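Trainee: I would like to learn how to read a structure feature by feature. Where do we start?

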Amino acid sequence: MRIGSGFDVHAFGAGDHLILGGVRLPFDRGLLGNSDADVLLHAICDALIGAAALGDIGQHFPPSGARWKHADSREFLRHCSLLIDQHGWQLANADITIICELPRIGPHAAAMRAILAEDLGVSVAQVSVPLHQARNSAPDTPQAAHSVAVAKPSTRKNTVSAHFHVFRR
């Protein structure tokens with residue numbers, strides 16, 4: 001077993017929605033970032049990569065690269081899942097905490113868990129998305145997420161072909 005930890009934070013900027021856990025949430029602001037700035041998915045990507053000792057999200061998806069401008073972070077997540085699989089690991093469980101005051105995340109947590117499970121190729125029971133409300137914080141307090149991923153040696157045969165589509169962009 002191996003444990004990886006991930007953390008991500010993005011500041012608010014202009015916009016009419018933000019993406020968290022792959023879910024589009026209507027909001028009076030967006031999040032600033034090179035990609036879609038999904039802090040939840042970025043944090044779990046870092047945890048997965050860390051559990052397999054394969055660096056960090058910035059090494060795999062450099063924020064300065066035009067290739068990843070406005071990219072859907074679900075592509076990052078699927079790629080990270082495939083990457084750890086190719087190195088002989090599979091996700092045992094993931095726990096991703098979102099830290100924010102607004103928008104309200106609770107009504108969307110089940111959809112986030114379903115997206116995470118689908119993209120990671122695991123059951124919803126292996127993914128947790130607890131919420132931590134940053135009460136009384138300043139209105140411009142950035143969105144943040146912390147994640148822990150536990151990886152176990154893979155028992156899958158021919159894991160690469162049995163897994164997700166080949167990552168291309």
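**Reading the strands, the core and the rings**

Mentor: We start with one bridge: Ile3 has Val150 as its bridge partner in β9. Keep in mind that this is a predicted model.

Trainee: Which way do strand β1 and β9 pair, and over how many bridges?

Mentor: Strand β1, residues 2–10, pairs with β9 in the antiparallel sense, and the pairing runs over 9 bridges. β9 also pairs with β6, again antiparallel, over 10 bridges. In that second pairing, Asp95 stands opposite Val148 of β9. As a general idea, side chains in a regular strand alternate between the two faces of the sheet.

Trainee: Which residues have the most contacts inside the largest nonpolar core?

Mentor: They are Ile44, Leu48, Met112 and Leu116, in a core of 45 residues. At least two residues of this core come from each of β3 (17–20), β4 (23–26), α1, α3 (73–86), β6 (89–100), α4 (109–120) and β9 (143–153). The largest share, 10 residues, is supplied by α1.

Trainee: What does Ile44 touch, apart from residues up to four places away in sequence?

Mentor: Ile44 touches Leu77, Ala94, Ile96, Leu116, Ser147 and Ala149.

Trainee: Where is Cys45, and is it buried or exposed?

Mentor: Cys45 is in helix α1, residues 39–51. Its relative accessibility is 0%, so Cys45 counts as buried. Beyond its neighbours within four places in sequence, Cys45 is in contact with Ile57, Phe76, Leu77 and Cys80. Take Leu77 from that list: Cys45 and Leu77 are 32 residues apart in sequence, yet their C-alpha atoms are 5.7 Å apart in space.

Trainee: Cys80 is on the list of contacts of Cys45. Why is there no bond between the sulfur of Cys45 and that of Cys80?

Mentor: A disulfide is a covalent bond between the sulfur atoms of two cysteines. To count here, the two sulfur atoms must lie within 2.5 Å. The cysteine sulfur closest to that of Cys45 is in Cys80, at 3.7 Å, which is too far for a bond. A search of the whole structure finds 0 disulfides. Another cysteine, Cys100, is buried, with a relative accessible area of 7%.

Trainee: How is a pair of aromatic rings described?

Mentor: The description uses the distance of the centres and the angle of the planes. In this model the count comes to 4 aromatic pairs. In one of them, Phe12 and Phe27, the ring centres are 5.7 Å apart and the planes are at 40 degrees, so the pair is tilted. This pair links distant parts of the chain: Phe12 is in strand β2 (residues 12–13) and Phe27 in the loop between β4 and β5 (30–31), 15 residues apart. Phe12 is buried, with a relative accessible area of 13%. Phe27 counts as buried at 15% relative accessibility.

Trainee: What is the angle between the planes of Phe61 and Trp68?

Mentor: The angle is 85 degrees, with 5.1 Å from centre to centre, and the pair is edge-to-face. Phe61 and Trp68 are both buried. Together with Phe76, they form one aromatic cluster.

Trainee: Which residue lies over the face of Phe12?

Mentor: That is Arg29, at 4.2 Å from the ring centre. Phe12 thus appears in two readings: the tilted pair with Phe27, and the ring face under Arg29.

Key. Residues are numbered from 1 along each chain as its sequence is written. This is a predicted model: local features need pLDDT of at least 70, side-chain atom pairs count only at pLDDT 80 or more; totals for chains, interfaces and linings use all residues. Side-chain values use heavy atoms; hydrogens and water are left out. Helices (H or I, at least four residues) and strands (E, at least two) are DSSP runs, numbered from the N terminus. Buried means under 20% relative accessible area, exposed over 50%, partly exposed in between (1.4 Å probe, protein chains only). Contact means heavy atoms within 4.5 Å. A nonpolar core is a set of buried Ala, Val, Leu, Ile, Met, Phe, Trp, Tyr and Cys residues joined through side-chain atoms within 4.5 Å. Rings of Phe, Tyr and Trp (its six-membered ring) pair if their centres lie within 6.5 Å; planes under 30 degrees apart count as stacked, over 60 as edge-to-face and the rest as tilted. A charge sits over a ring if NZ of Lys or CZ of Arg is within 6 Å of the ring centre and within 35 degrees of the ring normal. Two strands pair if DSSP finds at least two bridges between them.
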